[in-house]
Amino acid sequence: MPKLVLTGNYTVALAAKMARVQVVAAYPITPQTSIVEKLAEYVDKGELDAEMIRVESEHSALAATFGAAIAGARAFTATSSHGLLYMHEWVHWTSHARIPVVMAIVTRTIAAPWNIWSDHTDFLGQRDTGWILCFAMDNQELFDLTIQAFKISEDPRVYLPSMIGLDAFILSHTAMPVEVPDQKLVDEWLGSRRQPYAIDGLQPLALGSLAWPEDTEEFFMGIQEAMEVAKKVIREVDESYGRVFGRSYGGLVECYRCSDAKYHVVSMGAWSGDIMEAIDMLRDEGYPVGLMRIRFIRPFPDREVYSILGSSRGVIVFDRAISFGSLGPIYLDIAGNMLKYTQKLPYMRNIVAGIGGVNVTYEDFIKLIKDTIDSLEKGVEPPTYTWYHKR
């Protein structure tokens with residue numbers, strides 16, 4: 001396969017183009033803007049046969065995307081931070097309508113204070129919306145996840161929209177080599193658009209009407225059931241993609257040096273690469289540690305998490321977001337879901353770091369992991385919750 005050197009934002013745009021999206025709704029916001037700018041360029045040059053809708057707000061961007069998808073189009077949009085907050089009403093409408101849509105989220109800190117750098121608050125704030133949520137570590141995975149997201153969302157067993165997360169600037173504006181498959185191969189693998197119904201003007205269809213409580217509850221139950229089935233679909237799609245394109249990632253999670261690990265680190269996003277580097281160095285020093293990287297936070301990979309972490313001597317969960325008044329969102333998900341399988345959890349430490357785009361280096365990870373393991377080996381448990389703040 002040929003390789004192109006692409007920023008993360010251009011990677012998303014190219015993948016959406018190769019998925020042959022038919023409608024793109026666009027509204028600018030830093031650091032997402034160059035995704036829709038590149039898609040507009042593809043349309044203007046005749047390289048993408050799609051309708052580009054320039055709207056007046058992010059709320060309208062997702063509303064237009066939703067409308068296009070309801071009508072039968074493969075539709076796409078992208079946003080960040082406050083744009084995602086502004087469209088939040090339509091985030092729920094889209095999932096509750098069970099209509100496949102794909103949206104890229106270039107993660108950015110929520111104000112105030114005003115900040116354009118990455119943490120995961122905006123993305124993880126969508127955990128309860130009924131969307132499939134996946135997050136890339138690098139630009140190659142970002143390309144692959146974008147293509148896969150259409151396949152997953154349009155699977156008749158799922159029919160739920162998908163968000164793809166990428167860290168602002170760390171991925172969005174950083175160029176990396178990306179293997180780009182042949183368009184014909186993508187067309188054959190992805191197939192044509194599938195959705196549960198379409199508003200075409202030929203058949204009467206009511207959408208969003210007033211419903212009795214019992215009917216509403218059944219709709220919500222249907223989303224939950226589809227999420228459970230989506231776990232199987234995600235694994236199948238990852239395996240199928242690997243057979244055709246030569247790259248698979250392990251499904252809902254990726255495990256790095258876990259097979260003989262006695263201690264485990266959990267992370268999500270671009271800083272996972274720094275953690276892998278730290279783990280390699282710690283292994284050279286004799287520390288038996290591995291990384292479980294979260295690729296899909298919704299549906300939550302409960303089975304994989306327990307199988308990897310259930311017998312661990314100690315788990316460190318790095319969160320790049322905080323649920324104010326509680327703990328990091330990933331930590332909370334892991335602890336809660338593991339209780340489905342066991343009443344005795346391993347020691348688990350939650351380290352919140354990187355808020356507001358604060359840089360956390362591999363040296364920082366080495367120090368934090370080493371200090372935790374050294375303490376546990378001495379029979380001393382570090383605090384369950386730590387906010388690692390650099391000044």
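In which sense do strand β2 and strand β4 pair, parallel or antiparallel? Good morning. The model before us is a predicted one, and I shall begin with that pair of strands. Strand β2, residues 23-26, and strand β4, residues 75-79, pair in the parallel sense, over two bridges. One residue to locate here is V23, whose bridge partner in β4 is A75.

Helix α3, residues 58-70, packs on the sheet to which these strands belong. This helix touches β2, β3, β4 and β5, the last of these being residues 102-107. The direction of α3 makes about 165° with that of β4.

Let us now consider the sheet as a whole. It is an open sheet of seven strands with mixed pairing, and the order is β3-β2-β4-β5-β7-β6-β12. At its edges lie β3 (51-54) and β12 (296-298), each of which pairs on one side only. On average, neighbouring strands of the sheet are turned by 20° against each other, with direction ignored.

I turn next to a pair of helices. Two packed helices are described by the angle between their axes and by the distance between those axes. For helix α7 (residues 139-153) and helix α9 (residues 213-245), the angle is about 130° and the axes are 10 Å apart. An angle of about 130° means that α7 is oblique to α9. Their crossing is right-handed.

Which residues meet in this contact? From α7 come F143, D144, I147, Q148, K151 and I152, and they meet V233, I234, V237, D238 and Y241 of α9. By class, the residues of this contact comprise seven nonpolar, one polar and three charged. Thank you for your attention.

Terms used. Residues are numbered from 1 along each chain as its sequence is written. This is a predicted model: local features need pLDDT of at least 70, side-chain atom pairs count only at pLDDT 80 or more; totals for chains, interfaces and linings use all residues. Side-chain values use heavy atoms; hydrogens and water are left out. Axes are lines fitted to C-alpha atoms, for helices over the stretch in contact, and angles run from 0 to 180 degrees between N-to-C directions. Helices (H or I, at least four residues) and strands (E, at least two) are DSSP runs, numbered from the N terminus. Angles under 35 degrees count as roughly parallel, over 145 as roughly antiparallel, 65 to 115 as roughly perpendicular and the rest as oblique. A crossing is left-handed if the near helix is turned anticlockwise from the far one by less than a right angle, and right-handed if clockwise. Contact means heavy atoms within 4.5 Å. Ala, Val, Leu, Ile, Met, Phe, Trp, Tyr, Cys and Pro count as nonpolar, Asp, Glu, Lys and Arg as charged, and the others, Gly among them, as polar. Two strands pair if DSSP finds at least two bridges between them.
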